[in-house]
Amino acid sequence: MIRTHSCLNCFSPLGHRPAASASIIGSKEYPNIRGTVDFYQTESGVVVATEITGLPTSDNRCESPVFGFHIHSGTRCSGNASDPFANAMMHYNPDNCPHPHHAGDLPPLFGNDGYAFMTVLTDRFDLRDIIGKTIIIHSKPDDFTTQPSGNSGEKIACGVIRRMPNLRL
Ligand SMILES: [Cu+2]
Ligand SMILES: [Zn+2]
């Protein structure tokens, strides 16, 4: 099959149901965060479509909120007093690459008065590889340099990636 790179090819799946999805919930300290991350397999990679509400806001225009965003290798959104999502573990990194070349690394989310929407294409994994893994929103921007996780601060929201029923991957 010829591999095409038209954007139509990227976006046509968005008219259909996602093949996998994660419901995002904030930690105890960030109870208002809610949202969805949908995953669509395309010929060019996986389209990750994210919509989040209730994110922290800032009145300082020079501190407009940016939130590190990654797929993590753990399978549970649970943890302990110092890290409520410690069991999400580290960035999904099956090829043992440095950050930001982990398979689970994604562009950060921009907060717009608490609301974030982002759609991105990545060919770093197949959908079947990330079913059951977690997706994490962090309190700080990802600097795309610091090892092992971009100095992106605490984990403020989490969701487990689940296969949608009645869909083959
Ligand atoms: Cu992360
Ligand atoms: Zn990473």
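Where is the place of T146 in this chain? Hold that thought for a second while I set things up. What we have here is a predicted model, in which local features need pLDDT of at least 70, side-chain atom pairs count only at pLDDT 80 or more, and totals for chains, interfaces and linings use all residues. Residues are numbered from 1 along each chain as its sequence is written, while chains are lettered from A and ligands numbered from 1 in the order in which they are written.

OK, back to T146. This residue sits in the loop between strand 8 and strand 9, the latter being residues 155-163. When I say strand or helix, I mean DSSP runs numbered from the N terminus: E with at least two residues for strands, H or I with at least four for helices.

So is T146 buried or exposed? T146 is exposed, because 12 other C-beta atoms lie within 10 Å. The cut-offs go like this: 20 or more other C-beta atoms within 10 Å of a residue's own is buried, 12 or fewer is exposed, and in between is partly exposed, with C-beta atoms placed from the backbone.

Now look at what T146 has beside it in space. H99 is 47 residues away along the chain, yet the two C-alpha atoms are separated by 7.5 Å. And H99 leads into something fun: the peptide bond from H99 to P100 is cis, with omega near 5 degrees. P100 belongs to the loop between strand 5 and strand 6 (109-110). There's a cis bond in the T146 loop too, joining Q147 and P148 with omega about 0 degrees; P148 is in the loop between strand 8 and strand 9.

While we're in loops, check out N96. N96 is not a glycine, but its phi is positive, about 55 degrees. You'll find N96 in the loop between strand 5 and strand 6, and N96 counts as exposed because it has 6 C-beta neighbours inside 10 Å. D113 plays a similar trick: not a glycine, positive phi of about 50 degrees. D113 is in the loop between strand 6 and strand 7 (116-122), and with 10 C-beta neighbours inside 10 Å, D113 is exposed as well.

Let's zoom out to the sheet. Seven strands make an open sheet, ordered 5-8-9-1-2-3-7, with antiparallel pairing. Strand 5 and strand 7 are at the edges with a single partner strand each, so one side of each has no neighbour in the sheet. From one strand to the next, the twist averages 20 degrees; axes are lines fitted to C-alpha atoms, for helices over the stretch in contact, and angles run from 0 to 180 degrees between N-to-C directions. By the way, two strands pair if DSSP finds at least two bridges between them.

Which residues of strand 5 are buried? In strand 5 (residues 69-72), F69 and I71 on one side are buried, and so are H70 and H72 on the other. Strand 5 pairs with strand 8 (residues 134-138) in the antiparallel sense over four bridges, and F69 has I137 as its bridge partner there. Over at strand 2 (residues 34-42) and strand 3 (residues 45-53), the antiparallel pairing runs over nine bridges, with R34 bridged to T53.

Last bit, the whole chain. The protein chain has two helices and nine strands, in the pattern α-β-β-β-β-β-β-β-α-β-β along the sequence. Of its 169 residues, 35% count as buried.
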